[in-house]
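Hello,

Here is the structure for you to look through. Please open it first, then read my notes underneath.

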Amino acid sequence: MEKKRILIIGSSNLDFTMSLYKLPEAGETVVDDGGVAYIPGGKGASAAIALNRLGAESVFCAKLGADIHGQKLYNYYKELGLNTSYIKVDHDNPTGLAVIMKEGDGKIRSVVYPGANAQLTTDIIMEAFECNPDALYLGFELPYLMVVAAAKVAASKGIPIFIDAAGANKELDLEKLPPVEVFSPNEQEAYELTGIMPTSMETSLRAALAIARKSKAKNVVIKQGARGAFLYDGKRYNTFPAVRADKTVDTTSAGDAFTCAMTLEYLRNGGDIKEAIKYGNVAGAITVTRPGATSSIPTEEEINRFLYGDGQ
């Protein structure tokens, strides 16, 4: 089967993670041996890497700073096999940085410095569509004007638009978007966009209806963690129980795995959203059994072994 070419326009960060017993109070110095690490991050980059692992041709459009962090990230993407033709270098702003503080009680606090991510332009976006993609994949970690601009270019060319609502907030005007093929928030993102927390069948439907009206989405898929996923397709709604994992080790990239796998399977199977969600649930179930971020996302072969066994 010919690979689906997916254009991902999104954020690229270097994540600086700190594991510590507790955050210091104002004026306090804490000495801790929890460890620190620099890890490739950013929702756009994570999606590009995930789609590549799942069997798509990932074309990543982003902006990096002209610094050592940007060079390391660019080399990393090249080594993984991403199409980096539309990654641009910003000589005036640093590469995006996320500082992630993990406390001993499990609390996570994050600070994001967008840097070069905030400098993506419509000219760069227009150029990226020269790759003739089968689909456009977007999130909300970029300036919203650029998200809308990219979506409008895709719509004008008849290219289906898939949105992972990571980075969503109540200030976003979804009505500015052209019709979207699949719009997929998690529960908190759905709440941010609608003021409705989708924890029951009724509230999930209300949230999905509100999103569908605003975004003109053909399908709204709400990620609900261990409970699975909720679908509203414009006429009917369905729930899809999560696939049970043997052992949950790390849930970090489960949402990315689900949305990317769902998107790719939807493109490959001719638009059957129900089968695509089931496929995404399998990807998420495998992901949580492994430590790490994008490295924990399964390949197409691993999902097929889960679904069909070693015989196929």
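Below are my notes on a sheet, a helix and a cavity.

One caution: this is a predicted model.

Start with the sheet. It is open and has nine strands. Their order is E5-E4-E1-E8-E9-E10-E11-E12-E13, and the pairing is mixed. Strand E5 (83-90) and strand E13 (237-240) are the edge strands, so each pairs on one side only. On average, neighbouring strands are turned by 15 degrees against each other, direction ignored.

A general point helps here. Strands of a sheet pair through backbone hydrogen bonds, either parallel or antiparallel. Now look at E8 and strand E9 (residues 161-164). They pair in the parallel sense, over three bridges. Leu136 has Ile161 in E9 as its bridge partner.

Next, helix H1. H1 packs on the sheet. It touches strand E1 (5-9), strand E4 (57-65) and E8. The direction of H1 makes about 155 degrees with that of E4.

Now the cavity. The structure holds one cavity of 30 Å³ or more. About 90 Å³ of space lies in the largest cavity.

What lines the largest cavity? The lining has 15 residues. Nearest the centre lie Lys43, Gly44, Tyr137, Leu138 and Gly139. By class, the lining has seven nonpolar, four polar and four charged residues.

Which elements supply at least two residues of this lining? They are helix H1 (43-54) and strand E8 (135-138). H1 gives the most, with three residues. So H1 and E8 appear twice in these notes: H1 touches E8, and each supplies part of the cavity lining.

Best wishes

How values were computed: Residues numbered from 1 in each chain as written. Predicted model: local features only at pLDDT ≥ 70, side-chain atom pairs only at ≥ 80, totals over all residues. Heavy atoms only, no water. 1 Å grid on protein atoms, 1.4 Å probe; cavity = no way out; pocket = protein on both sides within 12 Å on 5 of 7 lines; lining within 4 Å. Points joined across faces, edges and corners; volume = space filled by probe spheres on them. Helix = DSSP H or I, 4+ residues; strand = E, 2+ residues; numbered from the N terminus. Nonpolar A, V, L, I, M, F, W, Y, C, P; charged D, E, K, R; others polar. Pairing = 2+ DSSP bridges. Axes fitted to C-alpha atoms, helices over the stretch in contact; angles between N-to-C directions. Contact = heavy atoms within 4.5 Å.
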